[in-house]
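Work through these exercises with the model open. Each task is followed by its solution.

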Amino acid sequence: MKNLGTLLPWDTNFWGFQIARLNDAVLHGQSVGQIVSWCRSQQVRCAYLLVDDTDEESRQKAEAGPFFSVDT
């Protein structure tokens with residue numbers, strides 16, 4: 001399985017569960033399902049997806065899946 005994210009050891013140790021930052025903020029080439037599968041395989045409970053606020057397509061795909069906007 002392709003490595004879609006970076007595990008964040010400091011955050012994981014601080015919060016007590018696996019946290020990751022997703023590597024590709026553009027969702028045009030991969031499905032949200034692939035990201036969810038990668039997170040499950042890595043036991044990630046919280047994943048950061050940093051999407052450019054001008055990339056409407058990626059934002060809509062992320063929000064249609066398990067992601068939600070927390071800051072702009």
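**Exercise 1.** How many residues of the lining of the largest pocket are nonpolar, how many polar and how many charged?

*Solution.* The model is predicted: local features need pLDDT of at least 70, side-chain atom pairs pLDDT 80 or more, while totals for chains, interfaces and linings use all residues. Residues are numbered from 1 along each chain, and side-chain values use heavy atoms, without hydrogens and water.

Step 1. Sort the lining: 14 residues are nonpolar, two polar and six charged. Nonpolar covers Ala, Val, Leu, Ile, Met, Phe, Trp, Tyr, Cys and Pro; charged covers Asp, Glu, Lys and Arg; the others, Gly among them, are polar.

**Exercise 2.** Which residues of helix H2 are buried?

*Solution.* Step 1. H2 spans residues 32-41 (helices are DSSP runs of H or I, at least four residues; strands are E runs, at least two). Val32, Ile35, Trp38 and Cys39 are buried there (under 20% relative accessible area; exposed is over 50%, partly exposed in between, with a 1.4 Å probe on protein chains only).

Step 2. They cover an arc of only 120° around the axis, taken from the directions to the C-beta atoms, which puts them on the same side of H2.

Step 3. Find their partners: strands S1 (5-7), S2 (19-22) and S3 (46-48), and helix H3 (56-64). Contact means heavy atoms within 4.5 Å.

**Exercise 3.** Which residues form the aromatic cluster?

*Solution.* Step 1. The cluster is Trp10, Phe14 and Trp15. Tryptophan 10 and phenylalanine 14 both lie in helix H1 (residues 9-15), four residues apart.

Step 2. Both are exposed; for phenylalanine 14 the relative accessible area is 53%.

Definitions and conventions. Rings of Phe, Tyr and Trp (its six-membered ring) pair if their centres lie within 6.5 Å; planes under 30 degrees apart count as stacked, over 60 as edge-to-face and the rest as tilted.
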